[in-house]
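Welcome! Here is a short guided walk through a protein chain, meant for someone meeting it for the first time. Have a look at the picture, then read on.

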Amino acid sequence: MRIFVVGYGVVARSFIDLLEAQQSVLYQQQGLSPRLVGVCDSTGAAVSERGLSADELRAAKESTGTVAGVAGHGVRTVDAAQLIAECDADIVVEASPSQMSTPGRSIENLKAAFRTGKHAISVNKAPLAAAMPAMLELAEFNGVQFRFSGTVGGGTPVLNVARECARGDEVTMVRGIFNGTTNFILWKMHSEGLDFDTVLKEAIDLGYAETDPSADIDGVDAATKVVILANYVLGRPATIGDVKVEGIRGLPRERIEEAAQRGNHLKLIGEIGEALSVAPQEVPIGDPLDVPASLNAITLSLKASSDITLIGRGAGGIETATSVMRDLLDIWNVIGGRS
Ligand SMILES: NC(=O)c1ccc[n+]([C@@H]2O[C@H](COP(=O)([O-])OP(=O)(O)OC[C@H]3O[C@@H](n4cnc5c(N)ncnc54)[C@H](OP(=O)(O)O)[C@@H]3O)[C@@H](O)[C@H]2O)c1
């Protein structure tokens with residue numbers, strides 16, 4: 001199976017390393033022999049029919065600043081969509097930045113894959129937040145597989161478990177903590193009595209938050225996950241405009257203290273119920289959603305049986321790379337071919 005990867009950052013490199021490390025197991029256990037035929041970053045690409053190795057990509061990136069530095073295989077272009085359309089890949093992995101305000105580029109990348117008969121895996125949330133119903137429809141129309149399990153919960157298989165729960169029962173509501181950065185901030189504000197700005201600075205210094213933390217603290221990142229769950233688990237054709245969003249930017253410490261006096265912790269909760277929302281809510285101390293630090297947690301309410309809560313790390317390069325691997329195997333099993 002020939003693979004083209006868009007992006008060469010934390011997730012893409014972890015995935016490429018994992019692919020190489022598991023090469024023989026994948027062949028022995030699944031009959032799958034993956035070959036990396038293209039990788040692009042923000043300034044160029046490396047393309048090779050014979051396959052690219054993790055070592056040559058890493059060396060080129062380190063010495064030239066771009067994967068286009070791979071000797072004899074470099075392409076100086078920023079047009080990933082054109083490369084995708086023209087390459088001889090079976091599957092495209094979209095692992096470029098989730099640019100929520102400008103999702104057009106990643107949407108074009110996925111469209112280029114679908115229109116040219118390539119399956120796709122996206123860890124990039126932007127195209128799903130902006131146009132998930134249309135993306136699902138286009139993949140189906142072109143008869144290709146589309147997976148995105150790394151977009152919610154990192155390596156925790158939230159989407160797969162939620163979909164599984166929905167079989168044979170009805171998921172009536174989903175509530176959860178979908179953003180580790182904001183959970184870390186609220187947890188620290190409570191446990192150490194610190195104010196918002198102090199904890200945000202610590203979160204940035206520790207690498208939990210981006211230098212521009214807007215998508216996290218304004219609730220946009222959590223809202224994208226609400227959209228993905230609404231579409232995938234509850235079959236509701238939503239986009240980010242359908243989610244009522246309130247973040248935690250500048251949240252006064254008194255809100256946390258007042259909640260504690262009532263026996264609650266304040267959490268940024270994403271909810272898929274009658275409506276779709278993200279907002280700070282009080283959660284009883286000891287509730288399954290009362291998770292510490294940067295953990296994510298998600299409670300599925302089922303019509304016939306009782307609630308199920310899943311807790312795990314919501315991000316991380318290797319964790320997210322394992323979800324891409326699961327998606328890859330899933331697609332391999334669905335198409336049932338041998339490479
Ligand atoms: N990190 C996580 O834990 C995690 C978890 C779940 C989902 N995700 C999602 O996974 C995606 C990748 O995350 P990451 O942490 O790996 O990001 P990252 O480390 O910032 O890497 C992003 C990569 O994309 C490349 N890129 C930027 N603009 C591009 C363009 N126009 N065309 C092609 N490539 C482009 C960058 O190129 P340069 O190398 O030239 O800068 C870089 O190689 C994001 O959408 C993120 O939201 C990440």
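Let us begin with a pair of helices. This is a predicted model, and in it the axes of helix 8 (residues 180–192) and helix 9 (residues 196–205) come within 9 Å, crossing at roughly 130 degrees. That angle is over 115 but not over 145 degrees, and the two helices are therefore oblique to each other. Helix 8 passes helix 9 in a right-handed crossing. On the side of helix 8 the contact is made by Thr181, Phe184, Ile185, Lys188 and Met189, while helix 9 contributes Phe196, Val199, Leu200 and Ala203.

Now step back to see the whole chain. You will find 13 helices and 13 strands in it. The radius of gyration is 21 Å, close to the 20 Å that the globule rule gives for 339 residues, so the chain is as compact as a globular protein of that length. The C-alpha trace spans about 65 × 45 × 35 Å along its principal axes. Of the 339 residues, 48% are buried. Among contacts between residues at least 6 apart in sequence, 69% join residues at least 24 apart.

Next come the strands. Strands of a sheet pair through backbone hydrogen bonds, either parallel or antiparallel. One open sheet here has seven strands in the order 4-3-2-1-5-6-7, and its pairing is mixed. Its edge strands are strand 4 (74–75) and strand 7 (146–147), each of which pairs on one side only.

Another strand to look for is strand 8 (residues 171–177). Five of its seven residues are buried, so strand 8 is largely enclosed by the rest of the structure. The table sets its two listed pairings beside one from the seven-strand order.

| Strand pair | Sense | Bridges |
|---|---|---|
| Strand 8 and strand 12 (residues 295–302) | antiparallel | six bridges |
| Strand 8 and strand 10 (residues 264–272) | antiparallel | three bridges |
| Strand 6 (residues 119–122) and strand 7 | parallel | two bridges |

Individual residues help you find these pairings in the picture. Val171 has Leu302 of strand 12 as its bridge partner, and Val174 stands opposite Ile272 in strand 10. For strand 7, look at Arg147, the bridge partner of Ile121.

Two single residues make good stopping points. The first stop is Val5, in strand 1 (residues 2–6). Is Val5 buried or exposed? Val5 has 30 C-beta neighbours inside 10 Å, and 20 or more are needed, so Val5 counts as buried. Leaving aside residues up to four places away in sequence, Val5 touches Ala12, Ile16, Leu36, Val39, Val93 and Ala95. Take Leu36 from that list: Val5 and Leu36 are 31 residues apart along the chain, and their C-alpha atoms are separated by 7.9 Å.

The other stop is Leu234, in the loop between helix 11 (220–232) and strand 9 (243–245). With 18 other C-beta atoms within 10 Å, Leu234 is partly exposed. Which residues does Leu234 touch, not counting those up to four places away in sequence? They are Val171 and Ile272. You have met both already: Val171 is the bridge partner of Leu302, and Ile272 stands opposite Val174. Leu234 and Leu329, by contrast, are 95 residues apart along the chain, with their C-alpha atoms separated by 24 Å.

Terms used: Residues numbered from 1 in each chain as written. Predicted model: local features only at pLDDT ≥ 70, side-chain atom pairs only at ≥ 80, totals over all residues. Helix = DSSP H or I, 4+ residues; strand = E, 2+ residues; numbered from the N terminus. Rg over C-alpha atoms; globule rule 2.2 N^0.38 Å. Buried ≥ 20, exposed ≤ 12 C-beta atoms within 10 Å, placed from the backbone. Contact = placed C-beta atoms within 7 Å. Pairing = 2+ DSSP bridges. Axes fitted to C-alpha atoms, helices over the stretch in contact; angles between N-to-C directions. Parallel < 35°, antiparallel > 145°, perpendicular 65-115°, else oblique. Left-handed = near helix turned anticlockwise from the far one by under 90°.
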